[in-house]
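The following exercises practise the reading of a protein model, from its overall composition down to single residues. Please attempt each task before turning to its solution.

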Amino acid sequence: MDHTTTSDIAKSGATPLRIFLVEDSVAVRDLMIDTLSEIPGVVFAGFAEGEGDALKKIDAEPFDVLILDIELKEGNGMSLLRTLAESHKPLNSLKIIFSNNVSNAFRRAGAKYGVRFFFDKSSEFTKLRDLLAALGTGLPDH
């Protein structure tokens, strides 16, 4: 498979879609990074396993898309979103929840904190991939 690298994107003149992933499962994280990195125009800006680590890295790494799970090794995705919202720092990234916790209560809470998309890990990975592929094609204002 052809893996698009940052240098390949730079040569093409396109701006890469930078993804920051907050996922504590090594198996899920590795699968996501391997699979989503195959999408032309998509690169990973970084990842974190827990809420505290994510907060530090989010401040340090520029990214366009934040993908997070709700349950984490330390803290949780909803608390992370709340902390980001309360910080009043400009965070213009697209926020996506990718989780097994797909209740309407979590969906409403996510929407309150600016989550635009909510995907079920067990059945909607293809939908997440398709969304990122569309965004990675260099659509305006991704």
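The exercises below concern this predicted model, and each is followed by a worked solution.

**Exercise 1. The overall composition**

Determine how many helices and strands the protein has, and in which pattern they follow along the sequence.

*Solution.* Step 1: count the elements of secondary structure, which come to six helices and five strands. Step 2: read them along the sequence, which gives the pattern α-β-α-β-α-β-α-β-α-β-α. Step 3: turn to burial; of the 142 residues in the protein, 43% are buried. Step 4: consider the contacts with a separation of 6 or more, of which 66% join residues 24 or more positions apart.

**Exercise 2. The packing of α2 and α6**

Describe how helix α2 and helix α6 pack, and state which residues make the contact.

*Solution.* Step 1: locate the helices; α2 covers residues 26-36 and α6 covers residues 125-136. Step 2: take the geometry; the axes are 11 Å apart and the packing angle is about 40°. Step 3: classify the angle; because it is about 40°, α2 is oblique to α6. Step 4: establish the handedness; the crossing of α2 past α6 is right-handed. Step 5: list the residues in contact; α2 contributes M32, T35 and L36, while α6 contributes F125, L128, R129 and L132. Step 6: sort these residues by class, which yields five nonpolar, one polar and one charged.

**Exercise 3. The buried face of α2**

Identify the buried residues of α2 and explain why they line one face of the helix.

*Solution.* Step 1: name the buried residues of α2, which are R29, M32, T35 and L36. Step 2: look down the axis of α2; the buried residues fall within an arc of 145°, and therefore they line one face of the helix. Step 3: recall the geometry behind such a pattern: an α-helix has 3.6 residues a turn, so residues three or four places apart point the same way. Step 4: find what covers the buried residues of α2; the cover includes the strands β1 (17-22), β2 (42-48), β3 (65-68) and β4 (94-99), together with helix α6.

**Exercise 4. A residue of α6 in contact with α2**

State which residues F125 is in contact with, leaving aside its neighbours within four places in sequence.

*Solution.* Step 1: place F125 in helix α6. Step 2: list its contacts beyond those neighbours, namely M32, T35, L36, F98 and D120. Step 3: compare sequence and space for one of these partners; F125 and F98 are 27 residues apart in sequence, whereas their C-alpha atoms are 8.3 Å apart.

**Exercise 5. The packing of α3 and α4**

Describe the crossing of α3 and α4 and the residues of their contact.

*Solution.* Step 1: locate α3 at residues 51-60 and α4 at residues 77-87. Step 2: take the geometry; the axes come within 10 Å and cross at roughly 35°. Step 3: note that this crossing is right-handed. Step 4: list the residues in contact, which are E51, A54, L55 and I58 of α3 with S79, L80, T83 and L84 of α4. Step 5: divide them by class into five nonpolar, two polar and one charged.

**Exercise 6. Three single residues**

Decide whether M78, S93 and G136 are buried or exposed, and find their contacts beyond four places in sequence.

*Solution.* Step 1: recall that a residue is buried under 20% relative accessible area.

Step 2: M78, in helix α4, has a relative accessible area of 8% and is therefore buried. M78 is in contact with I70, I97, F106, A109, G110 and Y113. Between M78 and Y113 there are 8.4 Å from C-alpha to C-alpha, although they are 35 residues apart in sequence.

Step 3: S93 belongs to the loop between α4 and β4. Its relative accessible area is 9%, so S93 is buried. S93 touches F63, D64, V65 and L66.

Step 4: G136 is placed in helix α6 and, because its relative accessibility is 10%, counts as buried. The contacts of G136 are L17, P40, G41 and V42. G136 and L17 are 119 residues apart in sequence, yet 5.5 Å apart in space, C-alpha to C-alpha.

Conventions:
Residues are numbered from 1 along each chain as its sequence is written. This is a predicted model: local features need pLDDT of at least 70, side-chain atom pairs count only at pLDDT 80 or more; totals for chains, interfaces and linings use all residues. Side-chain values use heavy atoms; hydrogens and water are left out. Axes are lines fitted to C-alpha atoms, for helices over the stretch in contact, and angles run from 0 to 180 degrees between N-to-C directions. Helices (H or I, at least four residues) and strands (E, at least two) are DSSP runs, numbered from the N terminus. Angles under 35 degrees count as roughly parallel, over 145 as roughly antiparallel, 65 to 115 as roughly perpendicular and the rest as oblique. A crossing is left-handed if the near helix is turned anticlockwise from the far one by less than a right angle, and right-handed if clockwise. Contact means heavy atoms within 4.5 Å. Ala, Val, Leu, Ile, Met, Phe, Trp, Tyr, Cys and Pro count as nonpolar, Asp, Glu, Lys and Arg as charged, and the others, Gly among them, as polar. Buried means under 20% relative accessible area, exposed over 50%, partly exposed in between (1.4 Å probe, protein chains only). The arc is that of the directions from the helix axis to the C-beta atoms.
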